[in-house]
Amino acid sequence: MSSKPHFETQAIRIAASKSNQREHSAPIYLSSSFTFDNAEEARQMFAEEIPGNIYSRYANPNSTDLILKVCAAEGTEDGLATASGMAAMFGSIAALLQQGDHILASRSLFGSTHQLLTRVFPKWGITSTYGDISDISNWEKLVQPNTKMIFIETPSNPGLEIIDLEWVGKFAAAHNLILVVDNCFATPYLQQPAKWGAHIVTHSATKYIDGQGRVLGGLILGKADLIKEVQFFNRHTGPSLSPFNAWILAKSMETLAVRMDRHCESALNIAQYFENSQDLDFVKYPFLPSHPQYGLAKKQMKLGGGIITLTLKGGIARAQRFIDQLEMISVTANLGDSRSIITHPASTTHSKLTEEERAKVGISDGLVRLSVGLEHVDDIKLDVERALALSR
């Protein structure tokens with residue numbers, strides 16, 4: 001082919017080397033270690049003079065297959081897979097910073113990432129400051145002499161705040177900072193932060209990349225020199241992705257585009273349908289014109305994603321009654337599944353934040369996060385509509 005293949009083709013056709021069995025679909029390499037032809041080959045591989053598999057904590061053909069696919073999708077130079085999304089968040093920070101370093105982070109972050117920044121890393125002398133995306137002009141004042149990294153997620157979980165990737169990429173470059181972007185909500189199909197200047201892109205592959213709520217996994221992708229440091233850290237701390245989970249996730253990449261098209265189409269339909277509901281104070285979705293950063297979302301995302309937030313009138317009591325009346329939609333803390341999922345962040349995923357911290361990132365007591373699945377859109381709307389009526 002003379003031109004670069006499209007996203008969908010690369011996700012299906014890119015693969016690690018095959019075995020001598022001429023298989024059409026990648027096998028699972030359930031092996032903890034790999035053999036060498038001789039002592040010199042073993043020495044060369046350990047010295048990184050020649051490529052090859054040594055031990056599945058380091059690399060495995062299945063994780064290599066996954067990394068090749070996702071790096072092609074994200075437009076990054078290299079990457080590695082981890083046992084969970086939070087292992088990816090942790091490794092992308094811990095491997096690249098030292099005691100005394102400082103992180104500038106967007107205030108709207110996933111609850112567990114917030115815990116890393118405020119409770120885990122301070123034990124090691126790594127501090128952080130939050131910046132509000134509504135006042136990016138103030139970020140200049142937040143950069144300290146020891147600031148080494150910017151960490152953001154866009155769209156944010158669960159507030160669906162959008163950060164201007166072009167602006168933050170230029171800001172990071174101007175201050176010589178490592179820019180890390182959590183791209184979980186958008187997926188590499190909808191958004192590629194590296195083309196806007198991100199040095200590292202992270203994913204909870206547990207979400208849309210798996211897409212069916214089956215396995216845990218994480219991804220750290222980016223500049224080759226930075227990934228080399230992260231690989232060293234992860235090889236010796238051990239948050240390795242299992243071969244089976246890597247195989248599942250690599251196979252799931254083959255259907256990511258078609259699944260995300262459906263998630264996004266249904267989510268926009270539902271957001272438009274309920275936008276003027278008398279039971280709701282607000283419906284938030286990146287591709288609704290009422291979203292505060294609608295123009296920005298259209299600029300840097302292909303589609304609006306599969307997550308909607310609904311803010312119910314009546315606060316937490318009404319939100320809980322609504323959730324309890326749902327018949328089809330699942331009540332669980334995951335997202336990005338083929339099944340639609342409802343979550344009440346204030347009492348679950350972000351419950352460890354103070355009320356003041358939740359307010360700063362737009363998480364009210366009445367807000368619920370709807371991860372729109374692959375069921376027929378009319379069935380999802382009917383379930384939501386019925387539950388709204390019964391919760392009054």
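**Note on helix α15, the cores and the sheet**

1. In this predicted model, the buried residues of α15 pack against two helices and three strands by name: α11 (256-274), α13 (315-325), β8 (280-284), β9 (307-312) and β12 (367-371).

2. The buried positions in α15 are V377, I380, K381, D383, V384, A387 and L388. They lie on the same side of the helix, because the arc they cover around the axis is only 160°. In an α-helix, residues three or four places apart point the same way, since there are 3.6 residues a turn.

3. The length of α15 (residues 377-390) is as expected: at 1.5 Å a residue its 14 residues should span 20 Å, and the end C-alpha atoms are 20 Å apart.

4. F322 touches V384, A387 and L388, and also L312, I342, V368 and S391, leaving aside residues up to four places away in sequence. F322 is also among the residues with the most contacts inside the largest nonpolar core, together with L66, I103 and I308; that core has 85 residues. Its largest share, eight residues, comes from α11. Another core, of 16 residues, lies apart from it and includes I150, F171, A172 and L177.

5. An open sheet of seven strands runs in the order β1-β7-β6-β5-β4-β2-β3, with mixed pairing. β1 (78-82) and β3 (127-131) are at the edges; each has a single partner strand, so one side of each lacks a neighbour in the sheet. From one strand to the next the twist averages 20°.

6. Within the sheet, β4 (residues 147-153) and β5 (residues 178-182) pair in the parallel sense over five bridges, and I152 stands opposite V181 in β5. Helix α9 (residues 224-237) packs on the sheet and touches β1, β5, β6 and β7, its direction making about 25° with that of β1.

Definitions and conventions
Residues numbered from 1 in each chain as written. Predicted model: local features only at pLDDT ≥ 70, side-chain atom pairs only at ≥ 80, totals over all residues. Heavy atoms only, no water. Helix = DSSP H or I, 4+ residues; strand = E, 2+ residues; numbered from the N terminus. Expected span 1.5 Å × (residues − 1). Buried < 20%, exposed > 50% of the residue type's maximum accessible area, 1.4 Å probe, protein only. Arc of directions from axis to C-beta. Contact = heavy atoms within 4.5 Å. Core = buried A, V, L, I, M, F, W, Y, C linked by side-chain atoms within 4.5 Å. Pairing = 2+ DSSP bridges. Axes fitted to C-alpha atoms, helices over the stretch in contact; angles between N-to-C directions.
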